Amino acid sequence: MSTCFSQTQDTISASNNVIKDTVVQNTQARDSIIPDNTQVVKVIEAEKDSTSIKKLEDLEFAAKLDEAWFEELYNNHLFDTIYKSVTELDYKPVDYPELSTDTLKARLKELDARTPFNVEYNPSLENVIKSYLKHRRKSIQKLITLSAFYFPMFEGELDKHNLPLEIKYLAIVESALKPRAKSRVGATGLWQFMFGTGKEYGLDVSSYVDERSDPIKSTEAAAKYLARLYKIFGDWDLALAAYNSGPGNVSKAIRRSGGYQNYWNIRHNLPRETAGYLPAFLANMYIFEYAAAHGFKKYKPELAYFETDTIRVKQMITLDQVSEVTGTPIEKLQFLNPSYKLDIIPYIKDENYVLRLPIDVVGEFVNNEDKIYTYAKAEFDKREKPMPQFFEADAKVRYRVKSGDYLGKISRKYGVRVSQIKKWNGLRSNDLKIGQRLTIYPRKPNVNATSSAKAKIKPKPISGEVITYVVKSGDSLWSISQKFPGVSIQNIKDWNGISGSKLKPGMTLKISKG
C-alpha cells in the first residue's frame, strides 16, 4: 500500500509544479501584451454558494490517496498472481537466510499444536514458504491489509458452523480476497464457487445478482460445503483438496496411490492445481500467523466490517444513485456491494436484496428513504429503456460526454465499472468535461442502439380533448407528466412520436386533457 501512496504523492507534486509554471508563464505573457497606457479592469468573480450541497469539495491530495486505496481493494491483479503461483508452484530450494530451517520447524510445530490441520515440516513446504517470503512480499502485505476487513466476517461465520477459524486463509488461496474474482473455468467469488455448486448451496445467480460474490452469503455456503466434505473424509487436508478439485478427484488419487490417506502421499496423483493448493494454504497460514516476525505491518482497514450495516431495498435503485444522494464514493459502494453485477440493486418480491452502507450513512439514508426512492424512480423514468440490453462484448465505443453525465451514469449504461472507464481513459479523478471523448469497451448493456434511435416513430392518436404544452428550459418528460393528472411519460412519448427522453425548449407537445 505504501508504494501506491508514494507514487500518488509524486504524481500530485509533479502536477503542482506544472500548475505553478503555467501560472508564471501566463502572467508574463499578459504583462508583455498590455500597453502601459491601457486601463486594466479587474474582474471579480462571484463567490461560490458555500451552503450549496452540490458545491462541496474534497481535499485533492486526500482524494488521491482514497483513489489509490480503492484501486488496491478492487483490482484483480492479486487474484491473477496468486492463481498463477498455485497452479505453477515450484518446490525448488530457495536461498532465504532470514528464516533458518530450525526456526521454521519450531514454529510449524507450534502451529500444528493449535490447529486441526496437519502442519508438519517437510522440505517442500519450507521451499514454498521461503519462496513466498522472498518473491511475494508486496502481494502478501496487500493481502494482510485486506484481511483486516474480511477476516472478522469469515471468523464469525466459521465459528457459527463450528469450523476451524484457520479456514479463513483458504479465501486467500482461492481468490486473493477479491469478491468478484473469476477463474478460467468460471468459479466466482471469495470462495470460488462454480455455478452449479453455488446454486446447490443457495447462492442466487441472475442477470443482476451473483451471490457468489456476496461476502456473507458465500462464506456461509463455503462453511456448509466444507463441513459436509469433512464429514465425508474425516480429515481437513483432504476436505480442502476436495473443495478445490471435487471429492471424486481425491477418491481417485487415494486409489491410485494404493490407499494412502495423507495429502502429501497422494499429492502426485491430484490435478496440478490441487497439488499446489494445500502447500499454498499452509504457507499463507504460517506467514499470516508469524507476520510480525517477518516484518509485515498490520494496518487498520479504511473501513472495518463492523462499521457497516445493511438496508433492505424497497425499490430498484442503482449504486450511482445512492452515491449521488449520500455523497458516498461509488468505489466504496461497489466494494461493499460486490454481488450486484451491473451496480443495480433490483427489487423482487420475496427476495431480500440489501444495500450495505457505512454506518454513518445508514441513518441519513433511512431518514430520507421516501425522497431517495422518489429521486431514483424519476431518474429511471427519464430513460428511454431503464433495463439494460445485451451488447457485443468486445466492441469499442467512443462516447461523448454530455451535460448531466457522470462516471457512474455512463458505467451503468454500458455495464462496466467506474474504475474501468478511468483506467481505459487514464482518468485520475471522477471529473468530466462536456464534449470530452471516452473510450469504452461495453460488457453487457447499452441503452439504445443507433439505428433504433434514428427511426421515425409515428405518433399515436389521442382520444378526448387535446391541449398543447410548450416545453420550457429545465422541463423533462417526468416533470411535465406531473403537471397533468393521469398522464404518464410513455403517454407523452406515444402522443408526440418521441423515441428518446430529450426535449428542446420551444417544442410543442400534444397532451390529452382526459
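How many helices and strands make up the secondary structure of the protein? The secondary structure comprises 23 helices and 8 strands. The model shown in every view is predicted.

**Figure 1. Overview of the predicted model.** The protein has 514 residues, of which 46% count as buried. Its accessible surface amounts to about 27,700 Å², and 51% of that surface belongs to carbon and sulfur atoms. Of the contacts between residues at least 6 apart in sequence, 71% join residues at least 24 apart. The salt bridges of the protein number 12, and several of them are presented in the views that follow.

**Figure 2. Salt bridge between E289 and R114.** Side chains of opposite charge can pair when their charged atoms come close. In the pair formed by E289 and R114, the closest N and O atoms are 3.3 Å apart. E289 belongs to helix α14 (residues 277–289), whereas R114 lies in the loop between α4 (101–113) and α5 (123–135), so the salt bridge ties together parts that are 175 residues apart in sequence. E289 is partly exposed, at a relative accessible area of 30%; R114 is likewise partly exposed, at 43%.

**Figure 3. Salt bridge between R212 and D210.** The side chains of R212 and D210 meet with an N to O distance of 2.9 Å. R212 counts as buried because its relative accessibility is 4%, under the 20% limit. D210 also counts as buried, with a relative accessibility of 7%.

**Figure 4. Salt bridge between E331 and K422, and a network of shared partners.** The closest N and O atoms of E331 and K422 are 3.3 Å apart. This pair links distant parts of the chain, with E331 in helix α16 (residues 330–336) and K422 in helix α20 (residues 418–425), 91 residues apart. Both E331 and K422 are buried. Elsewhere, E110, R114 and E289 are joined into one network by salt bridges that share partners.

**Figure 5. Packing of helix α10 against helix α11.** Two packed helices are described by the angle between their axes and the distance between the axes. For α10 (residues 236–245) and α11 (residues 247–256), the angle is about 125° and the axes are 6 Å apart. The two helices are therefore oblique to each other. Helix α10 contributes L238, A241, A242 and S245 to the contact, and helix α11 contributes P247, N249, V250 and I254. Classified by type, the contact has 6 nonpolar residues, 2 polar residues and no charged residues.

**Figure 6. Surroundings of helix α10.** In helix α10, 10 of the 10 residues are buried, so the helix is largely enclosed by the rest of the structure. Among these buried residues are W236, D237, Y243 and N244, together with the contact residues L238, A241, A242 and S245. The elements covering the buried residues of α10 include α7 (170–175), α9 (215–233), α11, α12 (263–266), α13 (272–275) and α14. Helix α14 also holds E289, the residue paired with R114 in Figure 2.

**Figure 7. Position of Q261 relative to D235.** Q261 is located in the loop between α11 and α12. Q261 counts as exposed, since its relative accessibility of 55% is over the 50% limit. Q261 and D235 are separated by 26 residues in sequence, and their C-alpha atoms are 8.8 Å apart in space.

Definitions and conventions:
Residues are numbered from 1 along each chain as its sequence is written. This is a predicted model: local features need pLDDT of at least 70, side-chain atom pairs count only at pLDDT 80 or more; totals for chains, interfaces and linings use all residues. Side-chain values use heavy atoms; hydrogens and water are left out. A salt bridge is a side-chain nitrogen of Lys or Arg within 4 Å of a carboxyl oxygen of Asp or Glu. Helices (H or I, at least four residues) and strands (E, at least two) are DSSP runs, numbered from the N terminus. Buried means under 20% relative accessible area, exposed over 50%, partly exposed in between (1.4 Å probe, protein chains only). Axes are lines fitted to C-alpha atoms, for helices over the stretch in contact, and angles run from 0 to 180 degrees between N-to-C directions. Angles under 35 degrees count as roughly parallel, over 145 as roughly antiparallel, 65 to 115 as roughly perpendicular and the rest as oblique. Contact means heavy atoms within 4.5 Å. Ala, Val, Leu, Ile, Met, Phe, Trp, Tyr, Cys and Pro count as nonpolar, Asp, Glu, Lys and Arg as charged, and the others, Gly among them, as polar. Accessible areas come from the Shrake-Rupley method with a 1.4 Å probe; for residues, only the protein chains shown count as cover.
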